[in-house]
There are 10 protein chains.
Amino acid sequence: MDMIAGEMTKEDVTAMILLAKKRAGLSWEGIAASIGMSPVWTHSAAMGMNAMPADKAESLVAALALPQEAVAVLQESPTKVWQQTVPTDPCIYRFYEIVGVYGPTLKALIHEEFGDGIMSAIDFDMSVTRVPDPKGDRVKVEMSGKYLAYNAW
Amino acid sequence: MDMIAGEMTKEDVTAMILLAKKRAGLSWEGIAASIGMSPVWTHSAAMGMNAMPADKAESLVAALALPQEAVAVLQESPTKVWQQTVPTDPCIYRFYEIVGVYGPTLKALIHEEFGDGIMSAIDFDMSVTRVPDPKGDRVKVEMSGKYLAYNAW
Amino acid sequence: MDMIAGEMTKEDVTAMILLAKKRAGLSWEGIAASIGMSPVWTHSAAMGMNAMPADKAESLVAALALPQEAVAVLQESPTKVWQQTVPTDPCIYRFYEIVGVYGPTLKALIHEEFGDGIMSAIDFDMSVTRVPDPKGDRVKVEMSGKYLAYNAW
Amino acid sequence: MDMIAGEMTKEDVTAMILLAKKRAGLSWEGIAASIGMSPVWTHSAAMGMNAMPADKAESLVAALALPQEAVAVLQESPTKVWQQTVPTDPCIYRFYEIVGVYGPTLKALIHEEFGDGIMSAIDFDMSVTRVPDPKGDRVKVEMSGKYLAYNAW
Amino acid sequence: MDMIAGEMTKEDVTAMILLAKKRAGLSWEGIAASIGMSPVWTHSAAMGMNAMPADKAESLVAALALPQEAVAVLQESPTKVWQQTVPTDPCIYRFYEIVGVYGPTLKALIHEEFGDGIMSAIDFDMSVTRVPDPKGDRVKVEMSGKYLAYNAW
Amino acid sequence: MDMIAGEMTKEDVTAMILLAKKRAGLSWEGIAASIGMSPVWTHSAAMGMNAMPADKAESLVAALALPQEAVAVLQESPTKVWQQTVPTDPCIYRFYEIVGVYGPTLKALIHEEFGDGIMSAIDFDMSVTRVPDPKGDRVKVEMSGKYLAYNAW
Amino acid sequence: MDMIAGEMTKEDVTAMILLAKKRAGLSWEGIAASIGMSPVWTHSAAMGMNAMPADKAESLVAALALPQEAVAVLQESPTKVWQQTVPTDPCIYRFYEIVGVYGPTLKALIHEEFGDGIMSAIDFDMSVTRVPDPKGDRVKVEMSGKYLAYNAW
Amino acid sequence: MDMIAGEMTKEDVTAMILLAKKRAGLSWEGIAASIGMSPVWTHSAAMGMNAMPADKAESLVAALALPQEAVAVLQESPTKVWQQTVPTDPCIYRFYEIVGVYGPTLKALIHEEFGDGIMSAIDFDMSVTRVPDPKGDRVKVEMSGKYLAYNAW
Amino acid sequence: MDMIAGEMTKEDVTAMILLAKKRAGLSWEGIAASIGMSPVWTHSAAMGMNAMPADKAESLVAALALPQEAVAVLQESPTKVWQQTVPTDPCIYRFYEIVGVYGPTLKALIHEEFGDGIMSAIDFDMSVTRVPDPKGDRVKVEMSGKYLAYNAW
Amino acid sequence: MDMIAGEMTKEDVTAMILLAKKRAGLSWEGIAASIGMSPVWTHSAAMGMNAMPADKAESLVAALALPQEAVAVLQESPTKVWQQTVPTDPCIYRFYEIVGVYGPTLKALIHEEFGDGIMSAIDFDMSVTRVPDPKGDRVKVEMSGKYLAYNAW
């Protein structure tokens, strides 16, 4: 099916971003700053797990000198797939463990404070920062999602 | 085996706490304040997912008028078990989804900022707060865990 | 732990509702009408899969002559659990099959019409109706959920 | 096995349709209109999850200027396979969640209205539409399937 | 919750049928004949996997001298649940194996003979008979289900 | 490892059969008739799920003008593998559902009629036929397998 | 449902056999000898995984002084269920491991010696014996099953 | 990474053995005899599931005229992997079924005869032979493994 | 089945040991010392995951003043079952993670040092000790298992 | 996407290391000694399951004459993935079995000695050594991980 060879995919764009980042010695924080977005969102969109608004896609393509075709690809809605039901990488597993251990606690406190509803994972943002600590620096992860109340009809 | 009937378990203590809380019309925030701890940790320990230091166990037993035997039970190290590999409750699932979608991003940014290591889920704390927002209030979840570097030997 | 015996659970209330419904020869449609809500939501709340606002809980308890303690139980936020990852009952499986076959189609059309986002399953309502048809009557299921756009930050 | 190289598959046709759609800047709604079918069915058939009647296959091939060989391929009965028992993409997962939460409710109301039977997922149609709403537009999904009564013999 | 004790369930009725059958030395074939239905359907309904029409429920209750309350229970729509995704009992596993080995063949021949559709498992009947054979008697299983064509809309 | 390139596999032969069938406009029923076997067995062997006796392999190769090397390949004992523990294609799933719903019934009736044993899935044959019916034609599937009694030793 | 209380099940009979064996200080080899059967089959039937012929059931009931009702229960066809897809007990796991490692080898050698078919697990017997060895005694397991050839039809 | 192209793997050697066996019309029994080992072990090592001692690797390479590089590959310790937790091929499944049905029996008889321990699957050997029988020849599988007693310390 | 009520099980003995330990304020190290065995083995046997030699069972029963019937129960060979394929408790999960990350490394180094074989988990012992460290004390786990070479036959 | 061809991955470097090791006839112990690290850590980093500090990466590249580009690749943080939830290779499975059997014991003894916490798998080291024994040499595995106490906040 040669007629479709050459179509650029999100995987291709991710690979190009990683290569450009490596060759230019950039950081995610630097790339994010250059397009005026947060590092979490920028990395996620670069990995193909979020879609970019047109202006941000153009900024990123310009900043990393990617092919122009990538602008459209970065704007496509991704199909968010993860292969491992339980992640094995220790750095990711620890977050899975937190959900397992503290999931019912998060639920109880959200219900207590807000009522019967949930924290949105769509209207959502997150940051990761370093907090210096004499006993060893700490990773701080802040999540913020809109409260959504269950409908009764 | 009647000789072991009557032994109090963590499940029993959890049930007694829930009942006392309901009858007294308390909130988790209120219970936590009364023992000088955070709501997240207090709820988690009350659910039997964390062990209480002796003084906090005593405070809780006093505050809720639980039987004295509960002091020792609250101090036992729990076996942390969750039945659902993928949680079905929407309020908990959304956090699982966040780990699935943003897990690789959390990993990449931790490595960029700290080096090859992880955020501890043991030397760890978390809070849930309400952030007023004209477009709809938001749930803010803050996690903080000690950075642990991989050993090379 | 006799002190907690007698606490009414959502399972108890569900059993009492089913019994009262059977003895009085009621239908879900009738029960729903008597509390001024839809049959889908009423059944779901009666099964313990949705929480009731206080006034609806009181109406239901009155309509079915349930014990007064049930009013509070019906208002509790449920933990929504389903045991079967793939449902086996044919009537439910067909809906699972529809999600498997048409899930990518629903996704594509939502993205085309609305942009990068999802249909909420929280700010959500649904109805089931009978549509007469000379070739055999049809089941019509209508779902409506608020469109939620992904955040970029 | 060179003698079988060049045989066109449903995957090939899907790729060709996606490419033609992108290059011509078409929408699914537009493509569906051009062949006189609904967007849901058209997308599903284009993805290789439904077979096309001969006339519709010819219309689609003409509309998108696909190779003539695609006409036969579009008419083949597909083997409907989905890889994820539990879908991870949030837009699709929400529908899975609806089946989990409301499956027993759909079953109860179908039995109440029709008797012991199911809604067919074969003699079935579905639509997705946008419903304007001042509090945020809504996604409306309508499903209609023939009621099938269980046989007793 | 004593007020609901004593409600008869499908499991109770199944146990009563098995006991009555054993005490009276009946066969499934005999029970089926006494209510004018097939052995497959009769056994399945007795196991709580199919609902009985009112007249058949009354006949069965009369034939086996079950309590009158069982008449209503036998008419309830069952929730069809099986615990083992892959059955372990050899007599049942062999049928699972046949579906695994010959499933694509059944599909291909149904499509060849009927078009794009399926054999209904709802408008369905089945029989099991013994076929004498000098090399060893054979089990004959005959299934008949209505052909359902996929809809295009 | 060029020395093993060119070895023909069962997958290759299946692909060649499908291609020859398509180009010649044959049906499975026609192919089966041309080699004097049943459509079910012929399709299954063509898919590589059964081994062919030498004479039938030669007939098939002659009938479809396959390369001579295919004669030996068709006689090899296949390793019968299916990827999906629970099949997703609706046409195959319905048979899985029948095993789930009626498996215990098949077991009970086989034991009643034959004793403690099973129906063989090895010394086994099956047919699929169309049964005209004014309410819609029906698919008839007939299975016959040798009864095997459990050994006691 | 008191009318069914007291019905003896296979689980009850297994428990009675284990108790009688323990109190009388018997071995499986001894019990098997007393009823003239092999230890493997006798243990399996005692565990409820095989049905006993009437005379053997009577012998066992007499030998162990079980209640007479057990005679009928021992003759019932069991539903063979195992809970663990992969057994965890090391003594059983090793046999699972042997099937995993040597399964394709058993298959290849059976096909080479007998043709396209299998070893029956129904017309089957097995023994376990001790083989003295100066380097450490060995466990010898001998299985014998009738060869069953695949049918072609 | 062209520098590593051409490295021979166990899969390559297996393919070469199968090809040489086919072209020379050999049997596993014949190959085993030519290197002075048993058919079970020889097949298993040829499949890459066991490592060969140097002299046997050389014998096999000589007997089948394989490239000299294969001698080293045959001596490598394999990583024993099987893809299917529950094997689907009927010839292999029957052995899985035997472990499921008779696993607890094997365990009980090993404990009765030897004490608390297991049969080794490492210091282990096995054979497959044909036993003529007027009612149909039988497959005999003999396993022998060293008894290993659990340590107490 | 009252005749079997009162039979003591391993679960009963475990519960009695835990109760006696708690009431007497003992440690596992202390209990182990009192019977002259290691803490790891003693705990494991107390949990019902290992069988005790007669003299050790008697010592333990004497040391904890358990009923005499427990002596026999402690000597029974346990069926070692764990419910969670992937353990969720963080203290146990970390060991699972170590097997996942370092399993291939353990395998490679055992093969390099010993040849093609394994470390026995049966002829095995283990200890857990505290190692003081100015940067934080460390947990030291030492395992020792007999090397078992694969057999070639 | 030719612009990214040639990028070296961790898999490439692993393959180059294995090849260089084989051609030079080195052992893991020897390679580890040449870079001044332990065999366990060296093998793990070579397999791409640990990141190397810059100086060690340079030493390894020099010692094995790998391309200079490998220095950077060896320093990248790996994503630790294992495919098999339950490992099948017997040498690795035995360690999984140890975690299953002794996991609760390790947990109990760590809690007894240290309090409520875990052994870190990150600040962790391990060794494998041979212990001569007249009854058969033994594999000794020593693990050491920092004790991490649960936080209460």
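# Exercises on the chain interfaces of a predicted model

A turn of 180 degrees, with a shift of 0.0 Å along the axis, lays chain B on chain A with an RMSD of 0.0 Å. The exercises below concern a predicted model.

**Exercise 1. Determine which residue of chain B comes closest to the rotation axis, and establish why the copies meet through the same surface.**

Solution.
- Step 1. The C-alpha of B:Glu142 lies 2.2 Å from the rotation axis, and no residue of chain B comes closer.
- Step 2. Of the interface residues of chain B, 100% are also interface residues in chain A, so the copies meet through the same surface.

**Exercise 2. Describe the extent of the interface between chain B and chain A, and find which three residues of chain B supply more of its buried area than any other three.**

Solution.
- Step 1. The contact involves 67 residues of chain B and 67 residues of chain A.
- Step 2. The size of an interface is often expressed as the accessible area that is lost when the parts come together.
- Step 3. For chain B and chain A this buried area is about 6500 Å², with 68% of it on carbon and sulfur atoms.
- Step 4. B:Trp82, B:Arg138 and B:Val139 provide 10% of the area that chain B buries against chain A, more than any other three residues.

**Exercise 3. Analyse the polar interactions between chain B and chain A, and state which element of chain B gives the largest share of the side that touches chain A.**

Solution.
- Step 1. There are 10 salt bridges across this interface. One of them joins the side chains of B:Asp89 and A:Lys107, with an N to O distance of 3.0 Å. This distance satisfies the cut-off of 4 Å for a salt bridge.
- Step 2. Polar contacts link 30 residue pairs between chain B and chain A, counted where both residues have pLDDT 80 or more.
- Step 3. On the side of chain B that touches chain A, at least two residues come from each of helix 2 (28–35), helix 3 (39–46), helix 6 (90–114), strand 1 (117–131) and strand 2 (138–149).
- Step 4. Helix 6 of chain B gives the largest share, 25 residues.
- Step 5. By class, this side of chain B holds 34 nonpolar, 15 polar and 18 charged residues.

**Exercise 4. Establish in which sense, parallel or antiparallel, strand 2 of chain A pairs with strand 2 of chain B, and identify the bridge partner of A:Arg138.**

Solution.
- Step 1. Strand 2 (residues 138–149) of chain A and strand 2 of chain B are antiparallel, and nine bridges pair them.
- Step 2. A:Arg138 has B:Lys146, in strand 2 of chain B, as its bridge partner.

**Exercise 5. Work out what relation superposes chain C on chain D, and describe their contact.**

Solution.
- Step 1. Chain C superposes on chain D by a rotation of 180 degrees with 0.0 Å of shift along the axis, at an RMSD of 0.0 Å. This is the relation of a two-fold axis.
- Step 2. In chain C, C:Glu142 has the C-alpha nearest the axis, at 2.2 Å.
- Step 3. Chain C and chain D each give 67 residues to the contact, and about 6500 Å² is buried between them.
- Step 4. The two chains share 10 salt bridges. Among them is that of D:Arg130 with C:Glu113, whose closest N and O atoms are 3.6 Å apart.
- Step 5. Nine bridges join the antiparallel strands 2 of chain C and chain D; C:Lys146 has D:Arg138 as its bridge partner.

**Exercise 6. State how many Å separate the nearest C-alpha atoms of chain A and chain E, and those of chain B and chain E.**

Solution.
- Step 1. Chain A does not touch chain E, and their nearest C-alpha atoms are 19 Å apart.
- Step 2. Chain B and chain E likewise have no contact, with their closest C-alpha atoms 17 Å apart.

Methods. Residues numbered from 1 in each chain as written. Chains lettered and ligands numbered in written order. Predicted model: local features only at pLDDT ≥ 70, side-chain atom pairs only at ≥ 80, totals over all residues. Heavy atoms only, no water. Contact = heavy atoms within 4.5 Å. Buried area = accessible area lost by both parts, 1.4 Å probe. Polar contact = N/O pair within 3.5 Å; in protein donor to acceptor, adjacent residues only side chain to side chain. Helix = DSSP H or I, 4+ residues; strand = E, 2+ residues; numbered from the N terminus. Nonpolar A, V, L, I, M, F, W, Y, C, P; charged D, E, K, R; others polar. Pairing = 2+ DSSP bridges. Least-squares fit on C-alpha atoms with pLDDT ≥ 70 in both.
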